[in-house]
Amino acid sequence: MANHSQLNFQDNSLPIIEELIGFHDQALMVALAICSLVLYLLTHILTEKLSSSTADAQGVVPMM
């Protein structure tokens, strides 16, 4: 029976697996960068829209 220290992945037997793992890591970094950019843009647009609409609503004074 395996101990806790022995529960690990096997060593890669093929060099293509090393390349596949490297590609997977890079693809995850690209996906993380894209998701972070979209989240930043979304929050920036929403906060600008909300702050400008509340500022416009407070600053409008009817002229007579």
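The legends below describe three views of a single chain in a predicted model.

**View 1. The whole chain, with its one helix.** In this predicted model, the chain has 1 helix and 0 strands, and helix H1 is made up of residues 15-59. Of the 64 residues in the chain, 0% are buried. The chain exposes about 6600 Å², and carbon and sulfur atoms supply 69% of that area.

**View 2. The nonpolar surface patch and Ile 17.** Leu 14, Ile 16, Ile 17, Leu 20, Ile 21 and Phe 23 together make a nonpolar surface patch of about 580 Å². One of these residues, Ile 17, lies in helix H1 and has a relative accessible area of 31%, so it is classed as partly exposed. Ile 17 can count towards the patch because patch residues need over 30% relative accessible area, and the value computed for Ile 17 is 31%.

**View 3. The segment annotated as a transmembrane region.** According to the UniProt annotation, which comes from an unreviewed entry, a "transmembrane region" covers residues 20-42. Over residues 20-42 the predicted chain is 100% helix and 0% strand, and the C-alpha atoms at the two ends of this segment are 33 Å apart.

Technical notes
Residues numbered from 1 in each chain as written. Predicted model: local features only at pLDDT ≥ 70, side-chain atom pairs only at ≥ 80, totals over all residues. Heavy atoms only, no water. Patch = residues over 30% accessible without salt bridge, like charges linked within 9 Å, V, L, I, M, F, W, Y side chains within 5 Å. Areas by Shrake-Rupley, 256 points an atom, 1.4 Å probe, with all protein chains shown as cover. Salt bridge = Lys/Arg side-chain N within 4 Å of Asp/Glu carboxyl O. Helix = DSSP H or I, 4+ residues; strand = E, 2+ residues; numbered from the N terminus. Buried < 20%, exposed > 50% of the residue type's maximum accessible area, 1.4 Å probe, protein only. UniProt positions renumbered as here; feature names shortened; annotations may be inferred.
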